[in-house]
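Here are some notes to go with your first look at this one. Have the structure open and follow along point by point.

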Amino acid sequence: MTLKYDLYWSFRSPYSYLVTPRLVALERTYDVEATVRVVYPIAVRQPDFFAHSDRLWFTYFAVDVFRSAEFVGLPFAWASPDPVVMDRQTGTYPKEQPYIHRLTRLGQAATERGKGLAFLDEVSRVIWSGQVKNWHEGD
């Protein structure tokens, strides 16, 4: 009997990218299966969230993400472009979010076809590994 687990996963989270290859390996080795639940990032769900966060938060976050990527042996670079559009002048997130809305819908479509985790694995590598710049262009 296959053990199922719920996987709440965000295309904007580098932590989601960092855990995905280990989840793929887990499913290959054991009789477990993810029920993928792609979620919108907090910047989309609560656009004012970061306006109220500690000023040092991003510094700690950046150090931790690079250290975590090194620990699990994955290449890492900041997404280019960021899956969530932000107005750099004001630090606000516009309601129109072309990348994250499309990515989230594609993730849901893949999940409905039984390919959710495989899709997340491939796409997160394109977005976060640093091997593809302007991932949103072309094929």
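1. Start with Arg12 and Asp82, which form a salt bridge with their closest N and O atoms 2.8 Å apart. Arg12 sits in the loop between β1 and α1, while Asp82 is in the loop between α3 and α4, so this pair ties together parts that are 70 residues apart in sequence. Arg12 counts as buried at 18% relative accessibility, whereas Asp82, at 22%, counts as partly exposed. The cut-off for buried is under 20%. Keep in mind throughout that this is a predicted model.

2. Stay a moment in the loop between α3 and α4, where you'll also find Pro81. A cis peptide bond joins Ser80 to Pro81, with omega at about 5°. That's worth a look, given that most peptide bonds are trans.

3. Trp78 is in that loop too, between α3 (57-72) and α4 (98-112). Is Trp78 buried or partly exposed? Its relative accessibility is 32%, so Trp78 counts as partly exposed. On the surface, Trp78 joins Trp57, Phe58 and Phe66 in a nonpolar patch, and together they have about 390 Å² of accessible area.

4. The structure holds 5 salt bridges, and another of them is between the side chains of Arg37 and Asp6, at 3.3 Å from N to O. Arg37 belongs to strand β2 and Asp6 to strand β1, so here the pair ties together parts 31 residues apart in sequence. Both ends are partly exposed: Arg37 has a relative accessible area of 35%, and Asp6 has 44%.

5. Now move to helix α5. How far apart should its ends be? At 1.5 Å a residue, its 13 residues should span 18 Å, and the end C-alpha atoms are indeed 18 Å apart, so the two agree. The buried residues of α5 include Gly116, Leu117, Leu120, Val123 and Ile127. What do the buried residues of this helix pack against? They pack against β1 (3-9), α1 (14-29), β2 (32-38) and α4.

6. Within α5, Arg125 forms a salt bridge with Glu122, the closest N and O atoms being 3.7 Å apart. The two are 3 residues apart in the helix, which means about one helical turn separates them. In general, an α-helix has 3.6 residues a turn, so residues three or four places apart point the same way. Arg125 is partly exposed at 31% relative accessible area, and Glu122 is partly exposed as well, at 49%. Salt bridges with shared partners join Asp121, Glu122 and Arg125 into one network.

7. Asp121 deserves a point of its own. Asp121 lies in helix α5 (residues 116-128) and is buried, with a relative accessible area of 11%. Which residues does Asp121 touch, leaving aside its neighbours within four places in sequence? Its contacts are Thr20, Pro21 and Val24.

8. Finally, check the backbone past the helix. Gly130 follows α5 and has a positive phi, near 85°. Further on, in the segment after α5, comes Asn134. Its phi is also positive, near 55°, and here the residue is not a glycine. Most residues other than glycine have a negative phi. Asn134 is partly exposed, with a relative accessible area of 36%.

Note on methods
Residues numbered from 1 in each chain as written. Predicted model: local features only at pLDDT ≥ 70, side-chain atom pairs only at ≥ 80, totals over all residues. Heavy atoms only, no water. Helix = DSSP H or I, 4+ residues; strand = E, 2+ residues; numbered from the N terminus. Buried < 20%, exposed > 50% of the residue type's maximum accessible area, 1.4 Å probe, protein only. Contact = heavy atoms within 4.5 Å. Patch = residues over 30% accessible without salt bridge, like charges linked within 9 Å, V, L, I, M, F, W, Y side chains within 5 Å. Areas by Shrake-Rupley, 256 points an atom, 1.4 Å probe, with all protein chains shown as cover. Salt bridge = Lys/Arg side-chain N within 4 Å of Asp/Glu carboxyl O. Expected span 1.5 Å × (residues − 1).
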